[in-house]
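Student: I would like to learn how to read a fold from its coordinates. Where do we start?

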Amino acid sequence: MHLHFLGIDGLAASILFDPDHQGRWPQLEALFRQSQYGICDCEADYQFTGPSWTSIYTGQTADIHGLKDLWGRPRNGSKAFVNVSEPYIWDILNQNGLTTGVATMPITYPARHVQGWMIAGFPSPRLSVTGPVTVPADFLVDHSEAIRRTQPLPGIGYAWHDQMTLAEDIEHLKQTELRKTELVPQWLAAQPVDALFVQYSCLDRVGHELNNYARRSTPFDYRHVYELYDWFDADLLPKLLQVEADYLVIVSDHGWPKWAEEQGSHDQHGVYALRGPDVPAGMRLDARNIDIMPTTLDLLGFTPPPVAGHSVLLRSSELDLIDEHLEGLGYL
Ligand SMILES: [Zn+2]
């Protein structure tokens with residue numbers, strides 16, 4: 001496969017790059033040592049799922065693509081996935097002859113026809129699939145889908161949080177993610193693609209779950225967030241990286257504060273990483289969510305269309321060339 005594009009909702013720069021956590025997540029650190037990586041900022045006014053993921057897919061700001069609602073609902077003048085007119089990255093890859101599998105990327109309901117297949121991500125009122133892949137009827141596109149099937153309780157969320165202890169809830173969250181890791185290879189076997197897009201939300205969900213139990217006066221312990229990063233690093237990430245591809249792109253739509261006394265909430269600082277041939281290893285270079293689409297196209301050798309973001313890729317060979325020139329000029 002050519003490209004593995006991994007969306008990690010809420011993977012937070014403030015937590016990951018906190019010097020207090022140095023050495024705690026060795027798999028992630030190893031990945032960054034092999035990658036061009038850095039903070040990936042979303043827009044200050046749109047630090048949430050719908051607009052930020054859509055900016056990642058289209059390279060455009062929320063004002064341009066028009067999808068401004070948290071959940072991508074056509075409310076208060078927001079566009080929805082069905083009527084955003086800017087091309088999505090998978091459309092452009094298709095136009096360039098690459099097939100795409102799009103698995104549970106947020107705000108992609110209902111699934112559109114692509115050269116390959118698409119399984120709509122959250123929020124989805126039902127499974128929505130295009131292309132020749134089989135999805136089990138009980139598959140949860142996201143842990144939040146299970147919660148929203150229980151009774152909504154005004155002010156405090158959903159009945160789920162009265163029916164489950166926090167420990168049971170977090171276990172359910174992990175199992176939902178693990179199920180997806182088992183199905184992805186099956187989908188790829190059923191219909192191989194040149195580029196796979198897949199998203200996991202556990203690092204965002206855990207913060208929202210803590211908030212839900214906090215509202216019910218369950219003791220609020222921030223360490224659960226870090227423990228889910230522990231699990232992500234030790235158990236989930238190695239499974240995700242088993243998908244073989246020439247190029248790997250990892251990106252998150254927003255961050256999460258490294259510590260909150262009461263309730264946490266999104267912040268502006270997500271993370272991205274690029275890994276593959278001619279990508280400088282271990283080079284830190286911060287970017288914006290709107291840069292990820294042109295950067296990914298650049299990485300694959302395609303000229304990005306004119307969008308608000310721009311490619312932040314610096315190729316190792318070009319950096320070497322600059323050094324050679326400076327050396328020749330007597331600067332180095
Ligand atoms: Zn969130």
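Tutor: With helices and strands. They are DSSP runs, numbered from the N terminus: H or I of at least four residues for a helix, E of at least two for a strand. The model is predicted, so local features need pLDDT of at least 70 and side-chain atom pairs pLDDT 80 or more, while totals for chains, interfaces and linings use all residues. Residues are numbered from 1 along each chain as its sequence is written.

Student: Which residue follows H12, and what is its phi?

Tutor: Gly330 follows H12, with a positive phi near 85°.

Student: How do I check the span of H12?

Tutor: Expected span is 1.5 Å times one less than the number of residues. H12 has 13 residues (316-328), so 18 Å is expected; its end C-alpha atoms are 18 Å apart, which agrees.

Student: How many residues of H12 are buried?

Tutor: Buried means 20 or more other C-beta atoms within 10 Å of the residue's own, exposed 12 or fewer, partly exposed in between; C-beta atoms are placed from the backbone. In H12 the count is 0. Across the protein, 47% of the 332 residues are buried.

Student: What about the nonpolar residues?

Tutor: In soluble globular proteins, nonpolar side chains tend to be buried together. A nonpolar core joins buried Ala, Val, Leu, Ile, Met, Phe, Trp, Tyr and Cys through C-beta atoms within 7 Å. Here the largest has 84 residues, with Phe197, Val249 and Tyr272 making the most contacts inside it. Helix H10 (residues 223-240) gives the most to this core, 7 residues.
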